[in-house]
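Here is a protein chain with its 3D structure. Let us ask why its features carry the labels they do.

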Amino acid sequence: MAEPWQTYLETNNRPLFCLDERMNCVYANRQAVSALNVSGVNDPEWQKIEQAIREHGWEQALLEGPSGSGPLRLQAWPQVENWPLVLEILSDAKIPIERETQWLKYALEASGMGVWSWNQQDNKVLWSEQVEAIFGLKPRTFPGTFDAYCQLVHPADLEMVLQRVQESMAQGKQYTIEHRAVRPDGSIRWIWAVGKVRFDAQGKANGMLGAVLDISPRKHLEAMLALISRSNVESHPQGFFEGLLDLVKQALDCESAIVALSEPSDPPRLKLECGLGIHEKWAGALLPLDAEPWSEVLTQTHLVVAQGAESCGDLLLKEQQAQAFAGVTLIDGDGQILGILAAFSRNPFAQIQTVRILLEVIASRAARDIERAHYLKTLQNQSLLLEITQKTAQIGGWQWDLERERFFWTSETFQIHRIPAGQAPNFEELLRIYTVSSRQLLRYHWQEALETGRAFEIDLELDFKEGSHWVRWRGVPTLKQGEILAFHGSVQDIQKNKLAHFEKDRLVAIIRAMPDCVGICDAAGLLMYLNPAGRQFLGLKANEALNRPLRTYQPDSEYERYVTVMLPEAEREGSWSGESIFIDSAGEEVPVSLTLLAHRDPAGKIAFHSLLIRDLRAKRILETQLLQSSRVEALGRLAGGIAHDFNNLLTSIMGFADLLAEFVPQGTGKSYLEQLVYAIERGASLTGRLLAFARKQVVNRKNCYVNELVKSAADMLGRLLGEDVSLRLELATDIPTMKADPFQFEQVLMNLCLNARDALPQGGEIVVRTRLIEEPNGHWVQMSVIDEGVGMPAEVLEKVYEPFFTTKPMGKGTGLGLAVCHGILSQNKGRIEVTSTVGAGTQVVTYWPLSGESPSDRIQTSELPRFGKERILLVEDEPMIRELIHNLLQKLGYQVTIAENGQVASEIAQAHVFDLIVTDVVMPKMGGLELANLVREQNPDQKILFMSGYTDRTTQDPAFLDVSSFFMAKPFHVNALASMIGRIMEGKEPGF
């Protein structure tokens, strides 16, 4: 026998011995030798026990022990493969037979059990007096034959009883049955019977010994419990209490029942919550706690069953004409009394004990204890308890047989590996269950354990179809004289722990990567942890020790607010959020957003505080920039509105001036009129600049000369730059026309010059330079703005095109200048480049595409207008402009229909077909773009001429992009309008 098993038996305090395959005793511990009073396993008395076991088997519980001892009862321990049979002596072999017999007699009388014997040869049956009482016979009136016993068995159960007796006799085994018996008075009782075969000296069955017990109360109780288990009071249609009381009435066979709950009052009372079968006047009644039987239930036994009207007491019970009462307290999990559950019957209860049990079960307190006791009873031996423990902890056991190279696994080990219970795999088969990396790890540690004899512990990854699963292997060698005989250990499912560990690592990584400061302070206010962002913010090195007071990093006044306001609220509410002030690494006071969390230990005491700190400086700068931007936007809207109205006035004045020119002869009057037209054109240029500032202009790319545009803007720039800054123009000659929006070009030039002025705080010179550039991708018109100001470092240059980024002090500049310039160059298919050196100045170079055509800033007024007869729909909300264009088009022969806004025009266009629609863009109720979209749903090819000096829509609108759309900017000459309409009617493409 292996040494570990022998050591285990020797140290066990139970009498144990082992048998080999031939039923020879190979070992007995000291307790077994002492219990049988023998010298050892070679003692003749011990050899008698071995002989009896070989002849009859160890399962026969009544083997005779050594001389002077009583019957010997044995029980086998759970067998393990290749281990000997281990038996435990359960009864004390030294108790004299007389004493044992007397104790047995007392036990039988106390339990109500009767005993009997049956001799098969003479068919005689001997009964104790208790058996006769159980079957309802008077003492000594039983005939004593087997046939007489059969006559007492219920006819429906007789065949089953005879069959079980015959099987027991034939097989020599014990039987246990339950059957009904019919008493002489006709009543039926349930009988539990057990019988064991008797053998003669030759080992032949010659009769039986047995016992019986009246189990009728138990059967009745089981029937009632079955009724309870089938009932679902919570699904009762009238409610929980009604369902509960209905169950009480059925189980106790009574007429009425109540539930009364405790109600705080002085003195305390019970309020009748619900009742079935009682008078309606008692609904909601208050029951005095000092009256019987309520006081007896509440203060004495907690469970009272009373018989007789007088013993029941109380007016309620008397009015119910109750002859029996049963009451039990309702107790919650903390042992507090919630109220009383009671039942009343007009007839005495037949089975008092059954009533008690049923009432307790229905009250649901004793039922849980019985269930728990029943469950604990099933844990019959240590192996079952170990198996349950392993399943609960998700730990399986294993043993490695080195000689056979096989594993022996517990059921939980099979469960963890998700393979059917049975013979465990060998080592190579085991490896295939795991991932490749875990195979290598297990093979390495296993080989090392075999060579060194050391224990090992490793985490391995199972390879399941739905994904990996983590387990922990522990192994301990079994050594004998330095030689490894086997390994044994455990396998634990650690998937949840691994996932929690991975989740923790992810959270730690997130906290470390956060740009905000995350810190932890203990209850005394000492910093225990700071993430990298927090260390950088407070000026601490990565490896620098903490344990510094938080007050070190706050102004005194702010720390006082932290202690008196923030901490108390966080500890009271769990958290505090708001703004605070901290001192950064440079020693400056910094506004921050602070979230403070209070964490408690299991006892409820504050363990530590966690802090989330966000620097608000960038946010404040952004807020200031957004506020400035909103102010600029408001000014832009104002400028756009002024430009819109001014352009309408200029259009009217220019139109009537053009008409007047036909009637004024050459001379002084004609010269004055030309000066008037020139003034109107300069006013139009001024509104163009206003619209450029408001960013409300329509992108109108034309063929234009860059030098003319620069010279035109120079006068206004001179006034904007101030007296301490001079403007020098270096304009190349013979530069072809470029394709650009003149107003947007002026806006770019203005923004760049204003930026250059801000870079010259002490004054200086700004150079505007133009030239023609030839590159592999084409020819470009280059316009540069150069200053010798403070310049910009490389890190600033990387951000110059970002919106709201500015190097100017707070309150000066919006950070939109270069961002707008970049956007305008992109719209005009050009590009922008910035170079700068700190202390040496900045150069901004813009590139505009060439057009290679003649200037087309406006249609030549000398072009003769075209006469026609086509139908035109004129849509204009300004009366003077509407009248001017109407008269002009009628004079040219066109058939004109007028509408004062887009809504009226859409109704007219649905009823009539027009060759051309001339419409303003910005109008009340419905603008020109909405009108165009509606009209083209009916007529996709409808030609439309848009007019506007202002628009809050871009040329990316589908109505502008359509090939049938044309545009004229206000103000315009009437001849230019007439010429454009003529070109449209002739099928030419005047464009924008």
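**Labels and their reasons**

His469 counts as buried, because its relative accessible area is 13% and the label needs under 20%. The model is a predicted one.

Q: Where is His469 found, and what makes its link to Asp493 a polar contact?
A: His469 is found in strand β21, residues 467-480. Its side chain meets the side chain of Asp493 at 3.0 Å. The cut-off for such a pair of N or O atoms is 3.5 Å, so the label fits.

Q: Is Leu462 buried or exposed, and how do you know?
A: Leu462 has a relative accessible area of 0%. Buried means under 20%, so Leu462 is buried. Leu462 lies in strand β20, residues 456-464. The C-alpha atoms of Leu462 and Arg432 are separated by 9.2 Å, with their positions 30 residues apart along the chain.

Q: Why are Arg418 and Glu466 called a salt bridge?
A: The closest N and O atoms of Arg418 and Glu466 are 2.0 Å apart. The limit is 4 Å, so the pair qualifies. Side chains of opposite charge can pair when their charged atoms come close.

Q: What does the pair of Arg418 and Glu466 tie together?
A: Arg418 lies in the loop between α16 (411-417) and α17 (427-431). Glu466 lies in the loop between β20 and β21. The pair therefore ties together parts that are 48 residues apart in sequence.

Q: Why is Glu466 called exposed, and Arg418 partly exposed?
A: Glu466 has a relative accessible area of 59%. Exposed means over 50%, so Glu466 takes that label. Arg418 is at 46% relative accessibility. That value falls between 20% and 50%, so Arg418 is partly exposed.

Q: What makes Arg443 and Glu428 a salt bridge?
A: Their side chains meet at 3.3 Å, N to O. The limit of 4 Å is met, so the label holds. Arg443 is in helix α18 and Glu428 in helix α17, so the pair joins parts 15 residues apart in sequence. Arg443 is partly exposed at 40% relative accessibility. Glu428 is partly exposed at 41%.

Q: How do you know that Glu448 and Arg454 form a salt bridge?
A: The closest N and O atoms of Glu448 and Arg454 are 3.4 Å apart. This is within 4 Å, so the pair counts. Glu448 is partly exposed at 27% relative accessibility, and Arg454 is partly exposed at 48%.

Q: How many salt bridges does the structure hold, and which residues are linked in a network?
A: The structure holds 21 salt bridges. Arg728, Glu730, Glu765 and Arg769 are linked in a network.

Q: How many aromatic pairs does a search of the whole structure find?
A: The search finds 24 aromatic pairs.

Q: Why is the pair of Phe325 and Phe344 called stacked?
A: The ring centres of Phe325 and Phe344 are 5.9 Å apart, with 20 degrees between the planes. Centres must lie within 6.5 Å and stacked planes under 30 degrees apart, so both tests are passed. Phe325 lies in strand β16 (residues 324-331) and Phe344 in strand β17 (residues 337-345), so the pair ties together parts 19 residues apart in sequence. Phe325 is buried at 0% relative accessibility. Phe344 is buried at 1%.

Q: What makes the pair of Trp446 and Phe487 tilted?
A: The planes of Trp446 and Phe487 are 40 degrees apart, and the centres 5.3 Å. Stacked needs under 30 degrees and edge-to-face over 60, so this pair is tilted. Trp446 sits in helix α18 (residues 436-452) and Phe487 in strand β22 (residues 483-493), 41 residues apart. Trp446 is buried at 4%, as is Phe487 at 0%. Both belong to one aromatic cluster, whose members include Trp398, Trp400 and Phe407.

Q: How do you know that the charge of Arg831 sits over the ring of Trp780?
A: The charged end of Arg831 is 5.5 Å from the centre of that ring. The distance limit is 6 Å, so this part of the test is met. Arg831 also lies over the face of Tyr847, at 3.8 Å from the ring centre.

Q: Why is Ile642 called partly exposed?
A: Ile642 has a relative accessible area of 46%, between 20% and 50%, so the label fits. Ile642 lies in helix α22. Ile642 helps make a nonpolar surface patch of about 590 Å². Helix α22 (residues 617-661) gives the largest share of the patch, five residues.

Terms used: Residues are numbered from 1 along each chain as its sequence is written. This is a predicted model: local features need pLDDT of at least 70, side-chain atom pairs count only at pLDDT 80 or more; totals for chains, interfaces and linings use all residues. Side-chain values use heavy atoms; hydrogens and water are left out. Patches are made of residues with over 30% relative accessible area and no salt bridge: like charges are joined within 9 Å, nonpolar side chains (Val, Leu, Ile, Met, Phe, Trp, Tyr) within 5 Å. Accessible areas come from the Shrake-Rupley method with a 1.4 Å probe; for residues, only the protein chains shown count as cover. Helices (H or I, at least four residues) and strands (E, at least two) are DSSP runs, numbered from the N terminus. Buried means under 20% relative accessible area, exposed over 50%, partly exposed in between (1.4 Å probe, protein chains only). Rings of Phe, Tyr and Trp (its six-membered ring) pair if their centres lie within 6.5 Å; planes under 30 degrees apart count as stacked, over 60 as edge-to-face and the rest as tilted. A charge sits over a ring if NZ of Lys or CZ of Arg is within 6 Å of the ring centre and within 35 degrees of the ring normal. A polar contact is a pair of N or O atoms within 3.5 Å; within protein, one must be able to donate a hydrogen and the other to accept it, and residues adjacent in sequence count only if both atoms are side-chain atoms.
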